[in-house]
Amino acid sequence: DILNLQVYYPWEFLSSSPCRTVVFPLMTSGVTYWVIKSLQQLDICSSCINSYTLLVSPRLLFTMFSFILDYSVYRLAPFWEADPWKALVLLAGSYVTLVFYTRTFTNALEGLLFALLMVLVSSRKPDGSLAEPTSSPLIGIVTTAGFFNRPTFLAFALMPLLYWAGLIVDSQKSIKTIITHFLKLVLCACFTAVVFVTADTTYFTSMGLDNLYSVKKSSLFDVIGELNEKMIVTPFNFLSYNLNPHNLALHGSHPRVTHFTVNGLMLFGILHLLAIGAGFRMLKKYICQLIRVKSYCPGSSGLLVRSEGNPTLLLFYFVPLAFLSLFSHQEPRFLIPLILPLVLFSTSQNRAVKWKHVIIIFNVLGALLFGCLHQGGLIPCLFHLEQLVHSPESSNHPRHYTLLFAHTYMPPRSLLNIKKRDTHIDVIDMAGSEEAALCRTVQQRANNSTCSDCRVYVIIPGTVRAAVTKCGVSFKNETLIFPHLSMEDPPQIPFLFSGNWRSQLGLYILQLDRD
């Protein structure tokens, strides 16, 4: 929209039924792209718009935003009886922070808003006593913004909001004051919602405004009336889509315990296990107190739940996890906002100290796997292809390029830096197509006699290269991008110890020999 580039519009952003707000993309990536465009227009930077700056500039902005997490941990640690510096080290050393919070994920924004909400509901006076809650308007704004960013934010906000409500009730003796706090929250939440709905409606209907005038609407009121009929509330579209099990199945269904047994462990390692262990011990002691059977629960009279840590932090961790587990589609990134309460809980009684070597090894391996290896060749491949299709040779002698991707994640087409008016480049994403469908497409491109000056490139992981060689076509000018690990087509262990192990951990760019 800003740089006039060819892109692939995800289904969430189709104007027919948009499920995601456009406000946050415009405020983050949009701002960086506008800056790049302005620098180029002012001749400050003649070649600012390229695949590298398109990738790195939004990531730099998100990296700067990620320090909101550090600030939140430093502010919250004393409140939750954790050591601030140990908590900061644990946060900064986590591969979740290093990898996910420096990428343009809505989940990263969700985590930052969750951190701000926890700061707003947790406040103490200088003498250490609980301060009276005074942030009702800001809490309403943050909660609503989080809801429009990802409606799942309500799962994360539930416990902080209940905690805040409890503080309100405990600290106020006047019913009028309590009602005032809640009214401020509701009014600010409503105002924020109006801003988001207006922005989304304006954006997603802007393509149709010309059509409104083309049918000779008599006045501006007709246009406003048409917009009012098309009022877009993206979270409702999101919920209506995701509450349908059939729709979720299209993106992959998982057992309901995947977050609890796999994703939590994959993201947080031993910290997740420590939280589970402490949770079970607290639950056992609470049950013992409830049934008051001292003979079967020695030492329960004192209820040493506090010795396991603050139960509220555990609720901040496990309640969102439980709500997210109600959906059948469960990806690890959905849980990355939970790093904040988990870090605070793990350092509240030095739980993580004796596991520091395990934590270091786990996060180094996690950073290598998810930050470097996993689909790691796709972005460098796009950098290479961008230089190829925009080379001086291509400019002087225009050719038609076909870029066929198979068995990779969806390639972000914007990094190819193709203007909307350009028609000499086709991008075909075959995702995880079977061998027969892949060969059929490759053969069709090889036998296309209508294009005499066409170049066809097939981009595939090394683990699938053997399948393409069976298609009855020949290739030239092979380029290997290393490293690249496809978990959907993982390398066979014996090949990793053979002479061609690099090809198994690489991404191939194969030029089709049409001669």
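These questions and answers go through a predicted model.

User: How many aromatic pairs does a search of the whole structure find?
Analyst: The model is predicted, and side-chain atom pairs count at pLDDT 80 or more. Rings of Phe, Tyr and Trp pair if their centres lie within 6.5 Å. The search of the whole structure gives 25 aromatic pairs.

User: Is the aromatic pair of phenylalanine 79 and tyrosine 163 stacked or edge-to-face?
Analyst: The ring centres of phenylalanine 79 and tyrosine 163 are 6.4 Å apart. Their planes stand at 85°. Planes over 60 degrees apart count as edge-to-face. The pair of phenylalanine 79 and tyrosine 163 is therefore edge-to-face.

User: Why does the pair of phenylalanine 79 and tyrosine 163 tie together parts that are apart in sequence, and by how many residues?
Analyst: Phenylalanine 79 belongs to helix 3 (residues 67–79). Tyrosine 163 belongs to helix 8 (residues 153–171). Both residues are buried. Because the partners lie in these two helices, the pair joins parts whose separation in sequence is 84 residues.

User: Is the pair of phenylalanine 148 and phenylalanine 196 stacked or edge-to-face?
Analyst: The centre-to-centre value for phenylalanine 148 and phenylalanine 196 is 4.9 Å. The angle between the planes is 25°. Planes under 30 degrees apart count as stacked. So the pair of phenylalanine 148 and phenylalanine 196 is stacked.

User: Which helices hold phenylalanine 148 and phenylalanine 196?
Analyst: The pair links distant parts of the chain, 48 residues apart. Phenylalanine 148 is buried at 4% relative accessibility, and phenylalanine 196 is buried at 6%. Their helices are helix 7 (residues 136–149) for phenylalanine 148 and helix 9 (residues 175–214) for phenylalanine 196.

User: What is the volume of the largest cavity?
Analyst: A search of the whole structure finds 1 cavity of 30 Å³ or more. Its lining includes Leu90, Ser94, Leu267 and Asn363. The space in the largest cavity is about 90 Å³.

User: Which helix gives the most to the lining of the largest cavity?
Analyst: Helix 13 (258–268), helix 14 (270–291), helix 16 (339–348) and helix 17 (356–373) each give two or more residues. Ile359, Phe362 and Asn363 are among the lining residues. With 3 residues, the top contributor is helix 17.

User: How many charged residues are in the lining of the largest cavity?
Analyst: The lining has 9 nonpolar residues. It has 2 polar residues. The count of charged residues is none.

User: Which residue of the cavity lining also belongs to the cluster of Tyr95, Phe100, Phe105, Phe362 and Phe370?
Analyst: Ring pairs link Tyr95, Phe100, Phe105, Phe362 and Phe370 into a cluster. The lining of the largest cavity includes Phe268 and Phe362. The residue found in both the cluster and the lining is Phe362.

User: How many residues of helix 16 are buried?
Analyst: Helix 16 is mostly covered. Its buried residues include Ile339, Pro341, Val343 and Phe345. Ile339 and Val343 also line the largest cavity. The buried count for helix 16 is 10 of 10 residues.

User: Is asparagine 350 buried or partly exposed?
Analyst: Asparagine 350 lies in the loop between helix 16 and helix 17. Its phi is near 55°, a positive value in a residue other than glycine. Its relative accessibility is 39%, so asparagine 350 counts as partly exposed.

User: Is glutamine 375 buried or partly exposed?
Analyst: Glutamine 375 is in the loop between helix 17 and helix 18 (378–389). Its phi is near 55°, also a positive value. Because its relative accessibility is 9%, glutamine 375 counts as buried.

User: Which residue joins phenylalanine 482 through a cis peptide bond?
Analyst: The charged end of arginine 502 sits over the ring of phenylalanine 482, 4.2 Å from its centre. The cis peptide bond at phenylalanine 482 has an omega of about 0°. Its partner lies in the loop between strand 4 (475–481) and helix 22 (493–496). That partner is proline 483.

User: What is the end-to-end C-alpha distance over residues 260–283?
Analyst: UniProt, in an unreviewed entry, places a "transmembrane region" at spans including 181–199 and 260–283. Residues 181–199 are 100% helix, with end C-alpha atoms 28 Å apart. Residues 260–283 are 96% helix and 0% strand. Their end C-alpha atoms are apart by 17 Å.

How values were computed
Residues are numbered from 1 along each chain as its sequence is written. This is a predicted model: local features need pLDDT of at least 70, side-chain atom pairs count only at pLDDT 80 or more; totals for chains, interfaces and linings use all residues. Side-chain values use heavy atoms; hydrogens and water are left out. Rings of Phe, Tyr and Trp (its six-membered ring) pair if their centres lie within 6.5 Å; planes under 30 degrees apart count as stacked, over 60 as edge-to-face and the rest as tilted. Helices (H or I, at least four residues) and strands (E, at least two) are DSSP runs, numbered from the N terminus. Buried means under 20% relative accessible area, exposed over 50%, partly exposed in between (1.4 Å probe, protein chains only). A charge sits over a ring if NZ of Lys or CZ of Arg is within 6 Å of the ring centre and within 35 degrees of the ring normal. On a 1 Å grid over the protein atoms alone, a cavity is a set of points where a 1.4 Å probe fits but cannot get out, and a pocket is an open set with protein on both sides within 12 Å along at least five of seven lines; lining residues have an atom within 4 Å of a point. Grid points are joined across faces, edges and corners, and a volume is the space filled by probe spheres set on the points. Ala, Val, Leu, Ile, Met, Phe, Trp, Tyr, Cys and Pro count as nonpolar, Asp, Glu, Lys and Arg as charged, and the others, Gly among them, as polar. UniProt positions are given in the numbering used here, feature names are shortened, and annotations may be inferred rather than shown by experiment.
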